[in-house]
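Let's take a walk through the aromatic side chains of this one. Have the model open and follow along.

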Amino acid sequence: MGMKIDNLRRWAAVCWLVVVAGVAFPQSQQGGMAAFREGQLRKIEQFRDTKQREIAAFRDSLNEVYASYLEQRWESFKLFRHERSFRPMPEPPVYDPSEPVRDEDNELPVVAEVPVTLPVPVDTVDLPVVAPVVPAPTTVRAEFFGTQVLLQRAGNYSISHLANASEDEVARFWRQLAGMPVDTVVNDLLRIARELRLNGWGKFVLAREVAGKYIPDASENERVVFAVFMLNQLGYGAKVGRSGQTLYAMLASNATMYTPYFTFHGGSHDGNMKYYVIVPSHEELTDIETCKVEFGGGDVPVDFAVAEQPRLADDMAEQPLQFGGDSYNVAYNRNLVRYYATYPCVDFDIYGTAPVDGELLNSLGRQLSPHIDGKSGREAVNYLLHLVQNAFRYKTDQDNYGYEKWNFAEETLVSAYSDCDDRAIFFAQLVRNLLGMKVVLVYYPGIHLATAVHFDEEIFGNYVTVDGEKFLICDPTYVNAHVGMAMPDVGTKVEIIKLF
C-alpha cells in the first residue's frame with residue numbers, strides 16, 4: 001500500500017513540474033499554456049482520485065480478510081520475558097571517607113556490549129501516507145497529555161460497543177472500525193504525530209487516547225482494539241491479544257523490551273518477530289490468545305527510541321533539590337513526565353539517549369554552573385555524582401511501585417524515590433548534556449546498574465575499556481563514593497550499554 005502511494009506522489013510531482021514549466025514561456029503563448037496547465041491539473045486530480053479509491057478498496061479488502069481471521073478460534077501462545085533484574089538492596093551502601101583512596105587501576109572484565117539503539121527521526125519513518133489533509137469546516141478538540149489537538153469530524157458511521165472479548169465480537173468491532181472514514185482518521189493521526197514529534201509508541205498512545213472521540217464512552221477493551229486497528233492502517237505490526245475477558249495490545253518491535261512477549265514465526269517479517277504484550281496493570285501473564293495471522297499490511301516494527309523530545313504543551317513546575325547546603329529549584333514539564341510514564345520497560349540505552357527537556361537542563365545548568373564551570377573533569381563529575389547520590393531518596397521499585405519500572409531523567413527528578421537504574425540514567429544524562437563527556441551504563445548482571453565516564457585526564461581506579469578507551473566507574477547509588485570507586489559486593493563481570 002505504501003509503494004502504491006509513493007508511485008502516485010512521484011508521478012504527480014513530475015506532472016506538476018511539467019505544468020509549472022509553462023511560466024517561462026513568452027506572453028504570446030501564456031493563454032495556451034494556462035489551458036494546458038488546467039487540463040493537466042484536472043488529469044492529476046482524476047488520477048489521484050482513482051488511485052485513492054483503489055487504495056481505499058485495497059485497504060477495505062485487507063480489513064475484511066483480517067476480520068474473517070479474527071472470527072476463527074484464536075491460538076494460545078506461551079509468553080516469555082527478557083531478563084534484566086536487580087538484587088534487592090534495602091539501603092545503598094555508604095562510602096567511608098576515612099578509607100584511603102588508592103592510586104591504582106583495576107579493570108573490570110566486560111562480558112558483553114549492547115550497542116546504542118539509534119532513534120529514527122519521525123519524518124524519515126517509511127510509513128504509508130494517504131491523501132493530503134484537507135482542513136474540514138468542523139473539527140473536534142481532543143487532549144493529549146495537556147496538549148490540545150484537532151481532529152476532523154469523521155462523518156457518519158455507527159459503532160456499537162463490544163459485548164465481550166470473544167472472537168466474533170472483536171471481528172464485528174473490527175468491521176465497524178473499517179466502516180469509518182478511515183483515511184480521515186489516519187490523516188489526523190499522522191498529522192498530529194508529526195506536529196508533536198511522536199515515534200511509533202507515541203502514535204499508539206495517541207490512538208488510544210483519542211479513541212473516545214470516535215467511540216463515545218469507549219471501554220478499555222475498545223480503546224485497545226481501536227489503537228491496534230489504527231496502527232495496522234499506518235503499516236505497523238500490532239495484534240490484539242486476550243487473557244480471560246481482557247484485551248491487550250501486542251506490538252511488534254525490534255527493541256529489547258522487558259514485558260511479556262511471544263515470537264511470531266513467518267509472516268511478512270522475513271522470519272521471526274517478537275510481539276510484546278502491553279500490560280498497563282502490570283499483572284503477570286504466562287500465556288496469551290490471539291489471531292493466528294498478522295494483518296496484511298502491518299510489517300513496520302513499532303519504534304521506541306526517542307529521536308526528538310515530544311512537543312507537548314508547557315505545564316511547568318519546579319522540583320526542589322538539596323545537596324551540600326545548597327538548594328536548587330529545577331524546572332520541568334509535567335506533561336512530558338506524564339507521557340513518559342506510559343512507557344513499558346525498554347532497554348536502558350533508550351532512556352539514556354533520549355533528549356532531556358531543554359527547560360530542565362537550562363534550569364539545572366544555570367544553578368550548577370558555580371560547581372562545574374571551569375573545573376577539571378574529575379571535579380565536575382564528582383560534584384554531579386555526589387549530587388545524585390545524596391539529593392534523592394532511595395527505595396527499590398518493588399517497594400515503591402510493586403513492580404519494576406525504569407524512568408526517564410524527567411521522571412526521576414520528580415519521583416519521591418529512586419533506585420540504582422533511575423540514578424544511573426539521570427547521572428548519565430547530566431554528564432552527557434552538562435559536561436559533554438562520553439558515558440556508558442555498566443550492568444552487573446542480575447545485581448546492579450552503574451555508569452562509567454571517559455576522562456581526558458589520567459585518573460586511577462576501577463574502570464572498563466570500551467572501544468579501546470578507559471572509562472572510570474562512577475556509581476550514583478554508592479553514597480559519597482568518588483570517581484573510580486565501584487560498589488563492593490556486586491561482582492566484577494559487567495555488561496556495557498553504550499550511549500554514543
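Start with a charge over a ring: K395 lies over the face of Y417, at 4.0 Å from the ring centre. Keep in mind as you look that this is a predicted model. There's another such arrangement at Y443, where R84 sits over the ring face, 4.6 Å from the ring centre.

Now for rings meeting rings. The structure has 32 aromatic pairs. One of them is Y66 with F295, an edge-to-face pair with 5.5 Å centre to centre and 85° between the planes. That pair ties together distant parts of the chain, 229 residues apart: Y66 belongs to helix 2 (residues 30-71), while F295 is in the loop between strand 10 (287-290) and strand 11 (316-323). Are these two buried or exposed? Y66 has a relative accessible area of 3%, so it's buried, and F295 counts as buried too, at 4%.

Next, swing over to W201 and F204. Their ring centres are 5.2 Å apart and their planes meet at 40°; because that angle falls between the 30 and 60 degree cut-offs, the pair is tilted. Both residues sit in helix 5 (residues 200-214), and being three residues apart there, they are separated by about one helical turn. W201 is buried at 2% relative accessibility, and F204 is buried as well, with a relative accessible area of 5%.

Finally, look at what surrounds that pair in the aromatic network. W201 and F204 belong to one aromatic cluster, together with F144, F145, F304, Y339, Y340, Y343, Y351 and F408.

Terms used
Residues are numbered from 1 along each chain as its sequence is written. This is a predicted model: local features need pLDDT of at least 70, side-chain atom pairs count only at pLDDT 80 or more; totals for chains, interfaces and linings use all residues. Side-chain values use heavy atoms; hydrogens and water are left out. Rings of Phe, Tyr and Trp (its six-membered ring) pair if their centres lie within 6.5 Å; planes under 30 degrees apart count as stacked, over 60 as edge-to-face and the rest as tilted. Helices (H or I, at least four residues) and strands (E, at least two) are DSSP runs, numbered from the N terminus. Buried means under 20% relative accessible area, exposed over 50%, partly exposed in between (1.4 Å probe, protein chains only). A charge sits over a ring if NZ of Lys or CZ of Arg is within 6 Å of the ring centre and within 35 degrees of the ring normal.
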